[in-house]
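Got the viewer open? Let's take a walk through this one, stop by stop, with something to select at each.

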Amino acid sequence: MQLQFKQLLFFVLIISSFSLAQNAKAQFNPYDDGRKIGTVGVGFSGWGIPIFGRLEVPIVDNITVGGGLSFRTYSESFAGSRWRHNIFGINALGNYHFNELFEFTDEWDLYAGLTLGYYAWGTSFDGNNIDGVDYRGNGNGGLGIGAQIGGRYFFQDNIAVNLELGGGNVVAGGNIGVSFLF
């Protein structure tokens, strides 16, 4: 039931953003003048709702590099005991933007790339010690690598909605957010 609500909310947000943007026409290319792209948002995951922020800068035509931070917290219960997990990620990313290759209008930004990240987590325990189930403390997940494909729609000169699938961060299945050019 909860997943259906999230899916419905996701589609309502996407449809609303496109409806609001129908009359707006951005007349720019975000990569012509070296502007930075910042994105904040939430992810879709079976383990809580991740939040993230990242910054990308163009390095050559159609290629951006950047970094980001992500965080999520979630709980699980078993036999009257509860565990709370907090996961923090820091990552580096690179994307190729297909606008020029596919001759998209400037309102659109379709990209794909790779992300390399490091993850740390903390777990707190509240309950009874159950044989073989008691775990707590801090840890790290080491390095993780992932691929992503995403797109942005600029409904104003410097503001876009962003949808991305995949990713090498704490956001497991993808994310939705708002991007800003500055």
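Is Arg-152 buried or exposed? Select Arg-152 and look: its relative accessibility is 1%, so Arg-152 counts as buried. Keep in mind throughout that this is a predicted model.

**Stop 1: the charged network**

Leave Arg-152 on screen and add Glu-56. The two form a salt bridge, with the closest N and O atoms 2.7 Å apart. Glu-56 lies in strand β2 and Arg-152 in strand β6, so this pair ties together parts that are 96 residues apart in sequence. Glu-56 is at 0% relative accessibility, which is under the 20% cut-off, so Glu-56 counts as buried.

Now pick Arg-54. The side chain of Arg-54 meets that of Glu-56 in a salt bridge of 3.7 Å, N to O. Arg-54 also has a salt bridge with Glu-164, where the closest N and O atoms are 2.9 Å apart. That pair links distant parts of the chain: Arg-54 sits in strand β2 and Glu-164 in strand β7 (residues 159–166), 110 residues apart. Check the accessibility here too: Arg-54 is buried at 8%, and Glu-164 is buried with a relative accessible area of 3%.

To see the whole thing, select Arg-54, Glu-56, Asp-109, Arg-152 and Glu-164 together: they are linked in a network of salt bridges. The model's total is four salt bridges.

**Stop 2: zoom out to the fold**

Switch to cartoon view. You should find two helices and eight strands, and reading along the sequence gives the pattern α-β-β-β-β-α-β-β-β-β. If you color by accessibility, buried residues come to 37% of the 182 in the chain.

**Stop 3: β1, β2 and β3**

Highlight β1 (residues 37–44) and β2 (residues 51–60). They run antiparallel and are joined by six bridges. To get your bearings, click Gly-41, which stands opposite Phe-52 in β2.

Next add β3 (residues 63–78). β2 and β3 are antiparallel as well, with nine bridges between them. Val-60 stands opposite Ile-63 in β3.

Which residue of this hairpin takes a positive phi? It's Asn-62, in a hairpin with two residues between the strands. The phi of Asn-62 is about 70 degrees, although Asn-62 is not a glycine. Asn-62 is at 13% relative accessibility, so it counts as buried.

For a second positive phi in a residue other than glycine, jump to Glu-103, where the angle is near 55 degrees. Glu-103 is in the loop between α2 (99–102) and β5 (108–126). With 71% relative accessibility, Glu-103 counts as exposed.

**Stop 4: aromatics around that loop**

Show the rings of Tyr-96, Phe-98, Phe-102 and Phe-104, which form one aromatic cluster. A pair of aromatic rings is described by the distance of the centres and the angle of the planes. The model has four aromatic pairs. One of them is Tyr-96 with Phe-98, an edge-to-face pair at 5.0 Å centre to centre with 75 degrees between the planes. Another joins Phe-102 and Phe-104: the centres are 5.8 Å apart and the planes are at 50 degrees, so this pair is tilted.

Color these rings by accessibility and you'll find Tyr-96 partly exposed at 30%. Phe-102 is partly exposed at 48%, and Phe-104 is partly exposed at 33%.

**Stop 5: the nonpolar patch**

Turn on the surface and select Val-42, Ile-49, Ile-51, Leu-69, Phe-71, Phe-88, Ile-90, Leu-114, Leu-116, Tyr-118, Leu-143 and Ile-145. Together they make a nonpolar surface patch of about 1100 Å². β3, β4 (81–97), β5 and β6 (137–156) each supply at least two of its residues, and β5 has the largest share, with three.

Center on Leu-114, which lies in strand β5. At 52% relative accessibility, Leu-114 counts as exposed.

**Last stop: a polar contact**

Stay on β5 and move to Thr-123, which lies in that strand. Thr-123 has 10% relative accessibility, so it counts as buried. Add His-85 to the selection: a polar contact of 3.1 Å joins the side chains of Thr-123 and His-85.

Notes: Residues numbered from 1 in each chain as written. Predicted model: local features only at pLDDT ≥ 70, side-chain atom pairs only at ≥ 80, totals over all residues. Heavy atoms only, no water. Pairing = 2+ DSSP bridges. Helix = DSSP H or I, 4+ residues; strand = E, 2+ residues; numbered from the N terminus. Buried < 20%, exposed > 50% of the residue type's maximum accessible area, 1.4 Å probe, protein only. Patch = residues over 30% accessible without salt bridge, like charges linked within 9 Å, V, L, I, M, F, W, Y side chains within 5 Å. Areas by Shrake-Rupley, 256 points an atom, 1.4 Å probe, with all protein chains shown as cover. Phe/Tyr/Trp six-rings, centres within 6.5 Å; stacked < 30°, edge-to-face > 60°. Polar contact = N/O pair within 3.5 Å; in protein donor to acceptor, adjacent residues only side chain to side chain.
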